[in-house]
Amino acid sequence: MGPGQFGIDIPTCENFARAIKAAQETGAEICLVIGGGNIFRGVAGAAKGMERAQADSMGMLATVMNALAMQSVLESLGVPTRVQSAIRMEAICEPYIRRRAQRHMEKGRVVIFAAGIGNPFFTTDTGAALRAIEMNCDALLKGTQVDGVYTADPKLDSSATRYDEVGYQELLAKDLRVMDSSAVSLMRDNNIPIVVFSLKEEGSLLKVLHGKGTSTTITNNGASAS
């Protein structure tokens, strides 16, 4: 969305694409899950009176539009990319097939997973967690607007402090809401760390891959706030 109120901002997509390309050039195998809130949010639609399943279906279609936009920008930079959708629409992208997605990644292609998990009532967070498990990922990196997990919303509470590390259980117990509880539980049960970092920070993705920069790591270990 970039600086706009809605829609797709191509310069913002290009910034993300350059970061992804730089990360891929380190030898990392990368897959992406992209939300659709810049176009339509199912929960918001349901809150305004739409039937929730219908609203969520519209939200899933919005993620396909974003995935195709990101594919176009990545390939303009020379990054081979495939889009796989949990909702079948072969005219514009591949259906989600786990083994095929793994093969694409082995060949150096960035795979973008669209349409969540193909079912209403599940968030993009849960879709990302599920795909991270299915792709045997070493970590799930969540790029967001803040540089980690805080003890409270830093926009509302100036005394909030950032965790360097926090345990899955504490995250759930304190309802810190960096990801929905279903996604966190999936990561906990499969012992895959979540790294929360800011997309706004220049070079943040590459820094995270090298264990540097500002972020919060969510694991089965204890917590430490800074």
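This section describes the sheet, helices, annotated sites, salt bridges and backbone features of a predicted model.

The sheet is open and contains 4 strands in the order β1-β4-β2-β3, with parallel pairing. Strands β1 (31–33) and β3 (94–95) stand at the edges and have a single partner strand each, so one side of each is left without a neighbour in the sheet. Strand β4 (residues 110–114) runs parallel to β2 (residues 81–85) and is joined to β2 by 5 bridges. Within this pairing, threonine 81 has valine 110 in β4 as its bridge partner. The pairing of β1 with β4 is also in the parallel sense and extends over 3 bridges; here leucine 32 stands opposite isoleucine 112 in β4.

Burial of β4 is complete at the residue level: 5 of the 5 residues are buried, so the strand is largely enclosed by the rest of the structure. In a regular strand, side chains alternate between the two faces of the sheet. In β4, Val110, Ile112 and Ala114 lie on one side, Val111 and Phe113 lie on the other, and both faces are covered.

Beyond β4, alanine 115 is located in the loop between β4 and α5 (124–134). Most residues other than glycine have a negative phi. Alanine 115, although not a glycine, has a positive phi of about 70 degrees. Its relative accessible area is 0%, and alanine 115 is therefore classed as buried. A positive phi in a residue other than glycine also occurs at aspartate 175, where the value is near 50 degrees. Aspartate 175 belongs to the loop between α6 (168–173) and α7 (181–189) and, at 45% relative accessibility, counts as partly exposed. Glycine 78, which follows α3, has a positive phi near 85 degrees.

Helix α3 comprises 25 residues (residues 52–76); at 1.5 Å a residue the expected span is 36 Å, and the end C-alpha atoms are 37 Å apart, in agreement with that expectation. Arginine 52 in this helix forms a salt bridge with aspartate 56, with 2.8 Å between the closest N and O atoms. The two residues are 4 apart in α3, and therefore separated by about one helical turn. Arginine 52 is partly exposed at 27% relative accessibility, whereas aspartate 56 is buried at 9%.

Aspartate 56 is also among the residues listed by UniProt, in an unreviewed entry, under "binding site"; the others are Gly36, Ile117, Gly118, Asn119, Pro120, Phe121, Phe122, Thr123 and Thr124. Of these, glycine 36 is placed in the loop between β1 and α2 (42–47) and is buried, with a relative accessible area of 6%. The unreviewed UniProt entry further carries the annotation "domain: Aspartate/glutamate/uridylate kinase" over residues 13–198. In the model, this span is 42% helix and 16% strand, and its end C-alpha atoms lie 15 Å apart.

Across the whole structure, the search for salt bridges finds 12. Arg82, Glu94 and Arg100 are linked in a network of such contacts. In helix α4, glutamate 106 and arginine 103 are 3 residues apart, and hence about one helical turn apart; they form a salt bridge in which the closest N and O atoms are 3.2 Å apart. Glutamate 106 counts as exposed at 51% relative accessibility, while arginine 103 is partly exposed at 46%. A further salt bridge joins glutamate 170 to lysine 174, with the closest N and O atoms 2.6 Å apart. Both partners are partly exposed, glutamate 170 with a relative accessibility of 24% and lysine 174 with a relative accessible area of 48%.

Isoleucine 97 lies in the loop between β3 and α4 (98–106) and is partly exposed at 34% relative accessibility. Its C-alpha atom is 7.7 Å from that of glutamine 84, and the two residues are 13 apart in sequence.

On the surface, a nonpolar patch is formed by Ile8, Ile10, Ile39 and Met65, which together have about 310 Å² of accessible area. Isoleucine 8 is found in the segment before α1 (10–24) and is partly exposed, with a relative accessible area of 34%.

Technical notes:
Residues are numbered from 1 along each chain as its sequence is written. This is a predicted model: local features need pLDDT of at least 70, side-chain atom pairs count only at pLDDT 80 or more; totals for chains, interfaces and linings use all residues. Side-chain values use heavy atoms; hydrogens and water are left out. Patches are made of residues with over 30% relative accessible area and no salt bridge: like charges are joined within 9 Å, nonpolar side chains (Val, Leu, Ile, Met, Phe, Trp, Tyr) within 5 Å. Accessible areas come from the Shrake-Rupley method with a 1.4 Å probe; for residues, only the protein chains shown count as cover. A salt bridge is a side-chain nitrogen of Lys or Arg within 4 Å of a carboxyl oxygen of Asp or Glu. Buried means under 20% relative accessible area, exposed over 50%, partly exposed in between (1.4 Å probe, protein chains only). UniProt positions are given in the numbering used here, feature names are shortened, and annotations may be inferred rather than shown by experiment. The expected span of a helix is 1.5 Å times one less than its number of residues. Two strands pair if DSSP finds at least two bridges between them.
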